[in-house]
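Welcome! Here is a short guided walk through a protein fold, meant for someone meeting it for the first time. Please take a look at the picture, and then we can go through it piece by piece.

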Amino acid sequence: MRYVYGPVLSRRLGLSLGVDLVPRKVCTYDCIYCQIGRTTLKTLERKEYVPASSILREVEEALRSCPTPPDYVTLSGSGEPTLNERLGEILKGIKGMSPSPLAVITNGSLLYKEEVAEALLEADVVLPSLDAVTPAVFETINRPHPDLRLGEIVEGLKAFRRAFKGRLWLEVLLCRGVNDGRAELQALKEIIAEIGPDAVHLNTVVRPGVEEYAYPLPYERLSTIAKELGEGVEVIIRPPQRAAPPRQENLEEQVLRTLKVRPLTLEDLSRSLGLHEMEALKVLDQLADEGKITSRIFDHRIYYEAKGPKP
Ligand code: SF4
């Protein structure tokens, strides 16, 4: 499978079957904290980066081989999914074959485009992000395509909220010393109130990002900020407790595929794949010996990641 991965445990969506709508790493932003890697194609051009027919075929096959339906089928992955111009057809196609609700994780930058907003109306949950509401901070943290305008993005979010009947969960990711200043947070609070999402998910850098200076905020500080931002704001950095069903076949291959999507700690990996940590460690050692993975330390934790080309 090239475009579908998992199911993996997601902090917000439980057991989630992931679907990639663009190759790594096509995006409208190049966020300093991005865990996928540097943006290699920063673009606003919408096109069929990945064939819709292949995506639908793979989703069908993956759903057939899942022992239980995932909690969500989630469009996200290796870049910005709304850049795929066949987004609407893909959403409709998956809806026709999946018993699980559909989620789309997006940076929200293209919601101001009518065709993108219209396509996303098919989803059950849309999870856009908004990390900054003043242009200088937006430029610093998200490093957007030069033709994007923050005002337009915010207006797009507001208009989408009015039209969308599903759940809208806004994600705000805070980096220490970048977008956690008092003035920025106050402005953010006002804009969030104007957008009116169903929930706000406060996040921070939990895995190594593109830039070493993208530092996390401690949990306690995030909790304080959540309270200041008001009702419906929750901190989402606690890892989920539920383990995925155990899957024993092709363990090495599964671990490698999972680490190609994003770097993970031993704990994250064993939870995702429903493995005992000792068992996961054995596979990691084997893959390291074979030169297929590497590790690095971030925020006092060891992260493992796959070497070579990513999906
Ligand atoms: S929007 Fe998402 S995929 Fe794009 S650079 Fe930012 S974190 Fe990475």
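A good place to begin is a right-handed β-α-β unit, made by β8, helix α6 (residues 182-195) and β9. Please keep in mind that this is a predicted model.

From β9 the chain carries on through helix α7 (residues 219-229) to β10, and this β-α-β crossover is right-handed too. Strand β9 itself, residues 199-204, is mostly covered, with five of its six residues buried.

**The sheet**

How do these strands fit into the wider sheet? Eight strands form an open sheet in the order β1-β2-β5-β6-β7-β8-β9-β10, and the pairing is mixed. The edge strands are β1 (4-10) and β10, each of which pairs on one side only. From one strand to the next, the twist averages 25°.

Here are three of the strand pairs, each with one facing pair of residues.

| Strand pair | Sense | Bridges | Residues opposite each other |
|---|---|---|---|
| β2 (residues 14-20) and β5 (residues 72-76) | parallel | five | G18 and T74 |
| β8 and β9 | parallel | six | L174 and T204 |
| β9 and β10 (residues 233-235) | parallel | three | V200 and V233 |

**The cores**

In soluble globular proteins, nonpolar side chains tend to be buried together. Which residues have the most contacts inside the largest nonpolar core? They are V19 and A103, in a core of 78 residues. Strand β8 (residues 167-174) gives this core its largest share, six residues. There is also a second, separate core of 13 residues, which includes L259, L264, L284 and Y304.

A103 deserves a closer look. Leaving aside its neighbours within four places in sequence, A103 is in contact with L13, Y72, T74, A123, D124, V125 and L127. One of these contacts, T74, is also the bridge partner of G18 in β5.

**Helix α4 and what follows**

Helix α4 spans residues 135-142, and its buried residues include V137, F138, I141 and N142. Why do they line one face of the helix? Seen down the axis of α4, the buried residues fall within an arc of 100°, so they line one face. An α-helix has 3.6 residues a turn, so residues three or four places apart point the same way. The exposed residues P135 and A136 sit on the face of α4 turned away from its buried side. Among the elements that cover the buried residues of α4 are α5 (150-163) and α6; α6 is the helix of the β-α-β unit where we started.

Just after α4 comes R143, in the loop between α4 and α5. Is R143 buried or partly exposed? R143 has 19 C-beta neighbours inside 10 Å, and because a buried residue needs 20 or more, R143 counts as partly exposed.

**Backbone details to look for**

Most residues other than glycine have a negative phi, and most peptide bonds are trans. R143 has a phi near 40°, a positive value in a residue other than glycine. Two cis peptide bonds can be pointed out as well. The bond from G6 to P7 is cis, with omega near 10°, and P7 has its place in strand β1. The bond from R24 to K25 is cis, with omega near -5°, and K25 lies in the loop between β2 and β3 (26-27).

Definitions and conventions
Residues are numbered from 1 along each chain as its sequence is written. This is a predicted model: local features need pLDDT of at least 70, side-chain atom pairs count only at pLDDT 80 or more; totals for chains, interfaces and linings use all residues. A nonpolar core is a set of buried Ala, Val, Leu, Ile, Met, Phe, Trp, Tyr and Cys residues joined through C-beta atoms within 7 Å. A residue is buried if 20 or more other C-beta atoms lie within 10 Å of its own, exposed if 12 or fewer, and partly exposed in between; C-beta atoms are placed from the backbone. Helices (H or I, at least four residues) and strands (E, at least two) are DSSP runs, numbered from the N terminus. Two residues are in contact if their C-beta atoms, placed from the backbone, lie within 7 Å. Two strands pair if DSSP finds at least two bridges between them. A crossover is right-handed if, with the strands pointing away from the viewer, the path from the first strand over the helix to the second runs clockwise. The arc is that of the directions from the helix axis to the C-beta atoms. Axes are lines fitted to C-alpha atoms, for helices over the stretch in contact, and angles run from 0 to 180 degrees between N-to-C directions.
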